[in-house]
2 protein chains.
Amino acid sequence: MPTGTLISEAIQGANLDVTQPCGGQGRCGRCAVILEGTGARRRSTIRLTAEDMAAGYALACQTVIEGDVTITIPEQERIERRLTTDKTARKIELPFPYDPATMQSVQAFQVDLPPPSLQDNMDDLSRLEKALAAKGFTSITIPLPTLRRLGTILRDSEWSPWVVLESQAPLLGPARLIDLSPEPIQPIGLALDIGTTTVTALLVDLTTGQVLNSAAEYNGQIARGEDVISRIIYAEKKDLSELGTLVRQTIDTLLERLKRRTGISPEGIHKVTVAGNTTMIHLFLGLPPSSIRLTPYIPTVNHPQTHLASELNLGVHPQASVLCLSGVASYVGADITAGVLASGLANTDELTLFIDVGTNGETVLGTEEWMVTCACSAGPAFEGAGVVDGMRATVGAIEEVWVHSETYEPTIRVIGNAKPRGICGSGLISLLAELFVTGVVDRAGQVKLDLDTPRVRQGEHGPEYIVVWGDETETGRDIVLTKVDVDNLMRAKAAIYAGFTVLAESVGVELKDAKQVLVGGAFGKYINVENAIKIGLLPDLPWDRFHFLGNTAVLGSYMALLSFRSRQQIQEIAQMMTYVELSADNTFYDAFTAALFLPHTEITRFPSVAEIWAQHEGD
Amino acid sequence: MPTGTLISEAIQGANLDVTQPCGGQGRCGRCAVILEGTGARRRSTIRLTAEDMAAGYALACQTVIEGDVTITIPEQERIERRLTTDKTARKIELPFPYDPATMQSVQAFQVDLPPPSLQDNMDDLSRLEKALAAKGFTSITIPLPTLRRLGTILRDSEWSPWVVLESQAPLLGPARLIDLSPEPIQPIGLALDIGTTTVTALLVDLTTGQVLNSAAEYNGQIARGEDVISRIIYAEKKDLSELGTLVRQTIDTLLERLKRRTGISPEGIHKVTVAGNTTMIHLFLGLPPSSIRLTPYIPTVNHPQTHLASELNLGVHPQASVLCLSGVASYVGADITAGVLASGLANTDELTLFIDVGTNGETVLGTEEWMVTCACSAGPAFEGAGVVDGMRATVGAIEEVWVHSETYEPTIRVIGNAKPRGICGSGLISLLAELFVTGVVDRAGQVKLDLDTPRVRQGEHGPEYIVVWGDETETGRDIVLTKVDVDNLMRAKAAIYAGFTVLAESVGVELKDAKQVLVGGAFGKYINVENAIKIGLLPDLPWDRFHFLGNTAVLGSYMALLSFRSRQQIQEIAQMMTYVELSADNTFYDAFTAALFLPHTEITRFPSVAEIWAQHEGD
């Protein structure tokens, strides 16, 4: 094979196949293969992280063969995983060096007790307490199930048991005996993020702080409602406990998957931290959520106390502590406080905007010294709901669209190299931005039917643009974006942008003074800044101020799992944030109405878009 | 009716009946009636307490009519109760004035919260916490089941709920929310004593400190073994959890009875304290008790932590705290520490001997400044086991015997005015003492067969004394005391007395210097000092030094239920006591052997008995 051959060509030459949804342009990252040996050179490493490359990943379409190299084509399933759930895990990195001695509350160690005698007849528990007191643990709480095993285990271990303790301060002070055993025990933790759509779990070695493995799965509650409001109504009218059972089943699925991959059984998990929005936390704890959706929107609890896994029927060690992190209000929950911590907003003196783009559109503006927050009820349009051909970001979803400025013909990229079935959030943003800049849709969101293309037509639901003709789709039906869809998307983006402006006005700063915009949420990772600015979803700032952080909620949960200080900080963040209730007066409504244009009524807020638009109008 | 008529005669004159097992000699106390009015004079008040008299009780055979008086004859059942279980209750009096503000940890009160609004959107729990903090409760723990009801109850109560809190210091500081309700709640406690034979329960109003009612019942575990060792073996070889279930069923029976009498349901009980020997506490907590009976006799726990009723499946409020009081060692348990507190030993500078006469023969010698204790494995002879015609103190048990010094014919008193079925502990002490002073049994415990009476004979199991001929018994069989029975009784009394001497020697004091002898345990109440000294069971001290305190364990449990300080004191007592392990060397064995005589090998230890015996020998 000649030197300089592309790996993708070599693979095809060998009659093998590698997925190339972008057609070999090095844009989608889906043709990743694994290299062993040094005889290959990467021309481009787009969409590969440093870890990916350290693990040998390279893009088949962007890597040339220059010598001996073994190429492994990952199974498609593996690629999918890598790009969705496992990618999240591989990116998880603590923003601080981990020192269990000063940070961790859960420890496992062996303790030597003097065996009893007629002259030394101290009872078993006092004997253990005395030995632990000598190590600095002054007041041991022992749960009844553990106490019931104490006598046997002390004797089986010949008075040298392993213990797992959770202390209230690192390595010291009052502590709770979680487990004890004659065999060595490794302390393990679980960081959860319970999203309305996806539940993410990180299995963590509490000694090293490392993520041993991670997994993500759709929240089983989806079958009972796509968004938080429908879940609340289901809990109210039908069955609160069923929703608890469903999310526990999802967690069980994740735990089984993690066990398969690591050999660590769920019963070996000694501590759990949970991030999630306020409704998800209420359903997880079995708290009736009704008051969350009724004015004045009061949750039962924003700062949950620590509960035991056994009380929650959670399938980890029954004595594991389960800490649901602190939220701010009914619609700004622990996913946001954990996200703020993970994003670094709490440690910067620069004016920062933090956004979790999603149904609730939670936004935080501030610095380490002050924060204001709101939730702007964007609705689920960006999650594919309320849009005729909208869908979640799974196989068959159109995730990016390019529209030709003269022919109005689209080029699309589909997740999983499958026939398209619909359009996911990032695809919708991309499509709307392209339709806007090519003039298919005007500033008011009207679809121009007078263009010279069969792609626009008067459809059943009014004017629409055909993205894919039926003969190329999975379902055989055209995939379209209708005027109604455009209105829904505009309402969603207007709500989010209005949230930004209300927050900025509430503290008397200007959005353009934001030195960084941190975008959290799994969905945020896939947003194209340029497109998002074009439609007025994100403020018009230099692109280098935007940082897409992925699932900041699970990262915050992971930090809280490992560090006392991080848990404190999340509480502090929750208490520091001033919640701006958008329904309290007309400020939000006015800002929302102003944002119901592409990109905005006040075009001066979007100078970069104004330029493109001016060119276009000038055509 | 002429002035001076005995009430018993008046009753018979009216063709009514009153029980008079002692034949109207004013000895048995069973003809008690209730007087209203002042027209009667008590000649004797034997077996009546001050409370009895305040309640109007008088002995029908010892009270003369001198004017207008209304006489009520209690139902026989009521008399039985008064003499057994309920008597215990009526005697229960705190040795200190009760002030819940400084003593009690459980309180119920109504709290007013400001209703939430869009401007005041604090979550429900924080709102409650803030209101409670204003009352001095700085850190509220809320159990998950209570949290799940919080939102509904706050709204149902229009933001003025009743709460039940258990605090760690009176009226202040960290506290646990046990319950909350829109309706007023009365805080109620339960003081338990779980005896090997009998479980006693006091239902207590925690606001006033008053015992609302009490009940006692045989421990359901009896069916699985009469003494602690057989229970331990049953737990080991057969079913530990069954023993827990059995005692919980007994407690449920008591709770149902208390509910019937007071209308207070078990779910309304917010705090429970438990006294009991170490084995009973282990079985109640579900702890394997094996190591208690195996050298070096180490229990799992002497100082149990507080557990929740729900963890123990105890049928009171699931969030009620259950505190098993502190014990000293495997054979000196919380019944003794609670008993020592209740007896006043911990508050006197006089040398005091405290005895719980029973299977284990726990004894404490000391003052408020020091205490030594031991358990001398007396065996269950005084509880009627190991004696051919022994039985527990129930209906049909001979509880007192007088033997004629010339004819050797006995006079007996039977519990419940029934045909005799056997002899209970107090009856055995009385019988052995009488047989000894009348010369039927000699100092070595030999039954003299050469006496001129058909009451002594060579029986199937060796020499024996016939207490009741078969034609007068319930069973139709003779009730006898055999040489083997005498040996068993002598071993039991020798073990107890040897315990006293070992304790005295261990601290270098003499038994005769004891300024008071406090006898605890329900059985203790019925011991006749004179007889007990005659057989060498109790030391030969002036009778006025003896105080029979009844169930000191349940009294201590009651004190602990009401008072922080009492709980602390029980812990202090448990920690202060030096446990003397009798199996550690030969000291106990030597003392035991010396005591295997009537009353003792060293007759000089029993000068009052020596005198009687000298008279007798001189006959």
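In chain B of this predicted model, the loop between α18 (587-594) and α19 (607-618) holds P599(B). The peptide bond that joins L598(B) to P599(B) is cis, with omega at about -10 degrees. Another cis peptide bond is found in chain A, where T295(A) is joined to P296(A) and omega is about 5 degrees. P296(A) also sits in a loop, in this case between α10 (290-293) and β14 (307-308) of chain A.

Further backbone features of interest come from chain B, in the loop that runs between α7 (144-156) and β9 (162-169). E158(B) lies in this loop and has a phi near 50 degrees, a positive value in a residue other than glycine. W159(B), placed in the loop between α7 and β9 of chain B as well, is likewise not a glycine, yet its phi is positive at about 65 degrees. How exposed is E158(B), and how exposed is W159(B)? E158(B) has 11 C-beta neighbours inside 10 Å and therefore counts as exposed, since a residue with 12 or fewer such neighbours is placed in that class. For W159(B) the number of other C-beta atoms within 10 Å is 17, so this residue is partly exposed.

Helix α6 of chain B, residues 124-133, offers a view of buried positions. Its buried residues are D124(B), L125(B), R127(B), L128(B), E129(B) and L132(B). What do these residues pack against? Their partners are β8 (140-141) and α7 of chain B. A general point helps in reading such a list: an α-helix has 3.6 residues a turn, so residues three or four places apart point the same way.

A pair of packed helices can be followed elsewhere in chain B. Two packed helices are described by the angle between their axes and the distance between the axes. For α12 (residues 334-343) and α17 (residues 564-576) of chain B, the angle is about 115 degrees and the axes are 9 Å apart. The crossing of α12(B) past α17(B) is right-handed. On the α12(B) side, the residues that take part are T337(B), A338(B), V340(B) and L341(B). They meet S566(B), Q569(B), I570(B), I573(B) and A574(B), which belong to α17(B). By character, the residues of this contact between α12(B) and α17(B) comprise six nonpolar and three polar, with no charged residue.

Turning to chain A as a whole, its secondary structure amounts to 19 helices and 27 strands. The radius of gyration of chain A is 27 Å, close to the 25 Å that the globule rule gives for 619 residues, so chain A is as compact as a globular protein of that length. Along the principal axes, the C-alpha atoms of chain A occupy a box of roughly 100 × 70 × 45 Å. Of the 619 residues in chain A, 50% are buried. Among contacts in chain A with a separation of 6 or more, 67% are between residues 24 or more positions apart.

One buried residue of chain A serves as an example. F500(A) is found in helix α14 (residues 483-507) of chain A. Why does F500(A) count as buried? There are 24 other C-beta atoms within 10 Å of F500(A), and the class of buried residues begins at 20, so F500(A) belongs there. Leaving aside residues up to four places away in sequence, F500(A) touches L353(A), T363(A), L511(A) and P539(A). By contrast, the C-alpha atoms of F500(A) and I429(A), which are 71 residues apart along the chain, are separated by 18 Å.

The last part of the picture is how the chains come together. A turn of 179 degrees with a shift of 0.1 Å along the axis lays chain A on chain B, with an RMSD of 0.5 Å. The two copies are thus related as by a two-fold rotation axis. Which residue of chain A comes closest to the rotation axis? That residue is E311(A), with its C-alpha at 5.2 Å.

The contact draws 37 residues from chain A and 38 residues from chain B. On the side of chain A that touches chain B, the elements giving two or more residues are α6 (124-133) and α7 (144-156) of chain A. Of the elements on this side, α7(A) gives the most, with six residues. The residues on this side of chain A divide into 18 nonpolar, 14 polar and five charged. Of the interface residues of chain A, 100% are also interface residues in chain B, so the copies meet through the same surface.

Definitions and conventions: Residues numbered from 1 in each chain as written. Chains lettered and ligands numbered in written order. Predicted model: local features only at pLDDT ≥ 70, side-chain atom pairs only at ≥ 80, totals over all residues. Least-squares fit on C-alpha atoms with pLDDT ≥ 70 in both. Contact = placed C-beta atoms within 7 Å. Helix = DSSP H or I, 4+ residues; strand = E, 2+ residues; numbered from the N terminus. Rg over C-alpha atoms; globule rule 2.2 N^0.38 Å. Nonpolar A, V, L, I, M, F, W, Y, C, P; charged D, E, K, R; others polar. Axes fitted to C-alpha atoms, helices over the stretch in contact; angles between N-to-C directions. Left-handed = near helix turned anticlockwise from the far one by under 90°.
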